[in-house]
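Opening the notebook on this one. I want to go through contacts, strands and a single side chain, and jot down what I find.

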Protein chains: 4
Amino acid sequence: MKFKVGIIGGGRIGYVHTHAINKFVDQAKVIAIADAYLDSQNQEKFRKLGVKSFYSDYNQLLLDPEIDIIYICSPTDTHYLYSIQALKANKHVFCEKPVAFDLEKILEVKKVVKETKKYFTVGHNRRFDHNFLALKDQIEKNTIGEILQLRITSRDPGLPPYEYIKKSGGIFLDMMIHDFDMALFLTNNKVVESVYATGSALIDKKISELDDIDTAVVVLNFKDGSMATIENCRQTSYGYDQRVEIHGTKASIKIENDTNSTLIISSDHGIIKEKPLYFFLERYQNAYIQENKDFFEAISSNKEPKVTIDDGYKAVLLAKAAKISLKEKRLVKISELEE
Amino acid sequence: MKFKVGIIGGGRIGYVHTHAINKFVDQAKVIAIADAYLDSQNQEKFRKLGVKSFYSDYNQLLLDPEIDIIYICSPTDTHYLYSIQALKANKHVFCEKPVAFDLEKILEVKKVVKETKKYFTVGHNRRFDHNFLALKDQIEKNTIGEILQLRITSRDPGLPPYEYIKKSGGIFLDMMIHDFDMALFLTNNKVVESVYATGSALIDKKISELDDIDTAVVVLNFKDGSMATIENCRQTSYGYDQRVEIHGTKASIKIENDTNSTLIISSDHGIIKEKPLYFFLERYQNAYIQENKDFFEAISSNKEPKVTIDDGYKAVLLAKAAKISLKEKRLVKISELEE
Amino acid sequence: MKFKVGIIGGGRIGYVHTHAINKFVDQAKVIAIADAYLDSQNQEKFRKLGVKSFYSDYNQLLLDPEIDIIYICSPTDTHYLYSIQALKANKHVFCEKPVAFDLEKILEVKKVVKETKKYFTVGHNRRFDHNFLALKDQIEKNTIGEILQLRITSRDPGLPPYEYIKKSGGIFLDMMIHDFDMALFLTNNKVVESVYATGSALIDKKISELDDIDTAVVVLNFKDGSMATIENCRQTSYGYDQRVEIHGTKASIKIENDTNSTLIISSDHGIIKEKPLYFFLERYQNAYIQENKDFFEAISSNKEPKVTIDDGYKAVLLAKAAKISLKEKRLVKISELEE
Amino acid sequence: MKFKVGIIGGGRIGYVHTHAINKFVDQAKVIAIADAYLDSQNQEKFRKLGVKSFYSDYNQLLLDPEIDIIYICSPTDTHYLYSIQALKANKHVFCEKPVAFDLEKILEVKKVVKETKKYFTVGHNRRFDHNFLALKDQIEKNTIGEILQLRITSRDPGLPPYEYIKKSGGIFLDMMIHDFDMALFLTNNKVVESVYATGSALIDKKISELDDIDTAVVVLNFKDGSMATIENCRQTSYGYDQRVEIHGTKASIKIENDTNSTLIISSDHGIIKEKPLYFFLERYQNAYIQENKDFFEAISSNKEPKVTIDDGYKAVLLAKAAKISLKEKRLVKISELEE
């Protein structure tokens, strides 16, 4: 008996989940997509993966009694509303990150999760990636002792369209949110006391006109005195850069980028390795499969999913603090946001 | 319309193909297994992958009109007979390597392939591996100029059972056969003029009582004066070692081993990377999928498979030459085997 | 005709310079050491390197007409006074970093340098290291385009004695001063607008009683919007960690640690490389030789040394800003320190 | 009291030794060069290193009572004669490799060494290199258990002049001789039972007219069943390639090439490391210093030098066997050369 999944949003990430689930996951099947603007060409792509029904109104998904789980893959500003509606329609919900731009709204969703007793998870896919899990595994084995300094480098291969940036909530809520989540995941939820953020639009000045930046550094101060540094940039010359390094009292651990092959070319130009896998679709292909599997297994076995709404809340909390820090050019205490 | 596949031999490699095809390949489905000794526990494993029928007599597979393709995954000494019978029963054939211990028998199979006009391929899976393909790609782009020296390092993580060794045909026909094929694949079938082989039973002296060795080096002399060196060992302390290095006039290229993650641990013990993926099941998981896809696509589109019976013949030819060289402690000319 | 050098301070760094100059530098010779507390055993070590005269009073060095150049290798709180006195005694001066704890005092030394027209340099040895120079070379070739993000990782293998820490001026003036200088060196003196510093005593709580920390992160905001991140820690499990990574618009470049050999051990424990060279004596042995050569060549050829008193000033300026930032937990503008 | 050294042969290797000794070695000084064809420009280079006397006749060196040690850096065909004459003139002798083209002549030199009781060593400089010593160190610590397979890769960056090749004795005596010595050094003189050699002139066909080859592979069969493979090529696109890999029962170890810095450039072209150090002068600069120090220390302390005439003999023995194997296209037993 497979779970039946309906997805709100037939864009790139909706397709990624459909592909992952219908090709590689036994426990569930995506059967319907709701998207007001899905053209026939894109419908065809979904059809090839076994999707049968297409709705222009997402309410039709919520009303479909066959559907067990709703995936919210629509623009971020709709996540909050759709989450609540889906939960109230008695569906489990997989919500893409971030759950909402406002912390209060996430807390509201949390309330509804509790009331409806449905399963809810957030798409922090990197927690399911083999490299990040290799770090986590070492941390849990206590290979590294106490964490002193954590550093996350996260750079995209190229700028997204201006239209995307406008709706994204800015670099901290759109891009660095993954790194905030990762910092919490790897430290087993160390308490963040304060946040310092800096950044500029250095790749493309127009991005500052959209009230965003493309290059950023954030420092997280944990209550125990240790610290995390996150570097983001929306462009590189060499592809997707996804590295973490943790300096601990007993050992330091790090992960490097993945490549398509281990080829090395030695020539007059030097000793040349392959560039990293191009972007998140290539890099996290398997992580998407695993995060979906985990959610279905959690539901089946009555366990909490690996990523909870609290995790979704905490990452947004740090993103909000970073936004204030950048704007006001000062260190921001988390307590300022939580009174 | 999927191809229906029947497999002769329900052992490890039969399972590998069933798993690859039924989980990851759209164009075909394994529906039946013929194996005289398959117990119910192993049947259950195949059943979970969607296999419906189990026969103790392989002839039942050949007689089943529903089946389009036969996979020969039985012990090597049966490959020849089953290949011919399957072809004559009007089936396409995927034969595990080597096709036969004797060159004449491979030529017989070749004759039947021609007569029956069925598709036939040999399981030289490494040709479909991402790392070896990365080398091939560079060679085809002419990154390296003329090939001067080719070196293949191929080491297994541990000894197989004595029972296996007894039937394997020896290290050259069982293990190095992959490397002979790779040398030919990477050089675009350079003509081998002579072969020098050396080796001993250094890991386990009992292996010499079985008339085999566990550690070997072979040098292939190509007609154009260039040369290949192949190193095999049946045991390492660090896992499966599958590397190639090619020295060319314009550049030299190599591939390193694959790992599960890019984790690096820096501690008092040094700077430590992960060991290679443990063995062929882990290392070539995707190559098995790709080799199967390639065969089905070849059949569908009326093209020659990437690995032909001629490729199967040439690898055995080199293995036979190596056996003579080892036994007689001398350089063996290929022409000696081909009068 | 070699320059005659006298060194104030017969401790570790005084010995390093004597060894570098008398063993590997043709243009000069260390002939005298002034140190009130140099025991006979340590005298012997200097004698073996060819040092003839030993004084307990540094004034004797200043009065010695044979001596051309004074090296100031005494505790930091004496650097300022000795520099001025040596310059006024008509000697060229090589002063170990930092020139003084106070910016005003460095400006005073600068005034005396101008008045006396003697040569003056500061011991920012890393500017002469092969790895950092390889980065600089790429920057000057414009391989990387515009610098977007600079990251310096600098960790010592172990804690210094408490006595040392007490007099050191704290982690920013003692340890990170090298990294501040490196950030300026690599960016061709980009203007720093503001500094954010954080840190704690995580390795040893006693260090906080000495009003210092052992683990720190500093962010430098450059006027052009780009940024540098510096990570320091006074202890690792794997040796001296000296890495830099620069993310640029056209390319990103980095340097890794040096090792004693390129040995790699593959075993059941993993694939193990050597730890970095243990500490600065091993890592920067050649850099000390080169910085001395550069100073003598500058004097001989009437050119400015590669490191000037302005460089010494700027590094201390950033260290002072970092100290305020750490203490007051806020972003500090450089303009606050320079009115 | 320093040893006084006289060098026969003022070419490149004579200069290398003079530079190493007079700049970096305390125990000795090169004071005289004998070379019939040394022009004034080259004399000047030696003069700058402190050499005082220049003779056109090497006998003048032998007659000079001040000289303790003779370095034989002349063409290979003179090594034998000069060695014997120098020993009989009561000088210690450092002879560049190989001692002679003929084994009998080396045995003659050995006899004279015994008779005269002078110290004699051969210039197998790689034994003093940090990377090879790191391997040796692991072998002596028994990190690797029993040696199963040894592989030496040794490639020059470019072809030498035809004039050099004519006099060199061929690739095995000129170039691979270092690798033969290394195979013996690393295995603690395992007994070689037979040798197989193959090779061609692939880089430059004219080399075959000079009765030599430029690309070669040799397999050494040790008496205990283990084996070594040596790959040589006289040209690469990427510089000097000097690597060794040893597969052992407990671990496998290898060394990679040295580079000038640890720089890594990430760009659209890939992830690029530096090429290896260009050639032997760069790569073995420190090894030359250490081999000279070792010889002087051996003499001073009445110990055998690390490289003896027996080592010189064994390397030539293997080279001779390889020459026969190449010519006669067959496996050659060492016993054939030693009746």
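**Ground rules**

A salt bridge here is a side-chain nitrogen of Lys or Arg within 4 Å of a carboxyl oxygen of Asp or Glu. I'm working on a predicted model, where local features need pLDDT of at least 70, side-chain atom pairs count only at pLDDT 80 or more, and totals for chains, interfaces and linings use all residues. Residues are numbered from 1 along each chain as its sequence is written, chains are lettered from A and ligands numbered from 1 in the order in which they are written, and side-chain values use heavy atoms, with hydrogens and water left out.

**Entry 1: chain A against chain C**

I started with the salt bridges and got six between chain A and chain C. I looked up the pair Arg243(C) and Glu245(A), and their closest N and O atoms are 2.5 Å apart. Strands E7 (147–155), E8 (192–200), E9 (215–222), E10 (227–233), E11 (241–248) and E12 (252–255) of chain A each put at least two residues into the side that touches chain C. For the record, helices (H or I, at least four residues) and strands (E, at least two) are DSSP runs, numbered from the N terminus.

Next I took contact, meaning heavy atoms within 4.5 Å. By that rule, 39 residues of chain A touch 39 residues of chain C. The buried area comes to about 3,100 Å², with carbon and sulfur atoms giving 52%. Buried area is the accessible area (1.4 Å probe) that two parts lose on being put together, summed over both. On the chain A side, Gln149(A), Arg151(A) and Tyr196(A) supply 17% of the area buried against chain C, more than any other three residues.

I also ran polar contacts: pairs of N or O atoms within 3.5 Å, where within protein one must be able to donate a hydrogen and the other to accept it, and residues adjacent in sequence count only if both atoms are side-chain atoms. Across chain A and chain C that gives 22 residue pairs, both at pLDDT 80 or more.

**Entry 2: chain B against chain A**

How many residues does each chain put into this contact? I get 27 from chain B and 27 from chain A. About 1,900 Å² is buried between them, 55% of it from carbon and sulfur atoms. In chain B, Thr262(B), Leu263(B) and Ile264(B) lose the most area to chain A, together 26% of what that side buries.

The rule finds two salt bridges here. I looked up Lys23(A) with Asp26(B), whose side chains meet at 3.0 Å, N to O. Polar contacts come to 12 residue pairs, both at pLDDT 80 or more. On the chain B side, helix H1 (12–24), helix H6 (130–140), strand E12 (252–255) and strand E13 (263–267) each supply at least two residues to the surface touching chain A.

**Entry 3: the two domains of chain A**

Domain bounds come from an automatic or database domain assignment. For chain A this gives domain 1 (3–118) and domain 2 (127–277 + 314–336). Their C-alpha centres lie 27 Å apart. Seven residues of domain 1 and 10 residues of domain 2 make the contact.

About 760 Å² is buried between these domains, 67% of it from carbon and sulfur atoms. Lys97(A), Phe101(A) and Leu103(A) supply 64% of what domain 1 buries against domain 2, more than any other three residues. I count one salt bridge between the domains. Separately, I noted that the side chains of Asp102(A) and Lys320(A) meet in a salt bridge at 3.6 Å, N to O. Two residue pairs are in polar contact across this interface, both at pLDDT 80 or more.

**Entry 4: strand E9 of chain C**

Is E9(C) (residues 215–222) mostly covered or mostly open? Mostly covered: eight of its eight residues are buried, where buried means under 20% relative accessible area, exposed over 50% and partly exposed in between (1.4 Å probe, protein chains only). Thr215(C), Val217(C), Val219(C) and Asn221(C) sit on one face, with Ala216(C), Val218(C), Leu220(C) and Phe222(C) on the other.

Two strands pair if DSSP finds at least two bridges between them. E9(C) pairs with E8(C) (residues 192–200) in the antiparallel sense over eight bridges, and Thr215(C) is the bridge partner of Ser200(C). Seven bridges join E9(C) to E10(C) (residues 227–233), again antiparallel, with Leu220(C) partnered by Ala228(C). The E9(C)–E10(C) hairpin has four residues between its strands, and Gly225(C) takes a positive phi near 95° there.

**Entry 5: Arg283(D)**

Last stop was Arg283(D), in helix H11 (residues 280–283) of chain D. Arg283(D) is buried, with a relative accessible area of 5%. Its side chain makes a polar contact with the side chain of Asp258(D) at 3.3 Å. Leaving out residues up to four places away in sequence, the residues Arg283(D) touches include Asp129(D), His130(D), Phe132(D), Tyr240(D) and Leu277(D).
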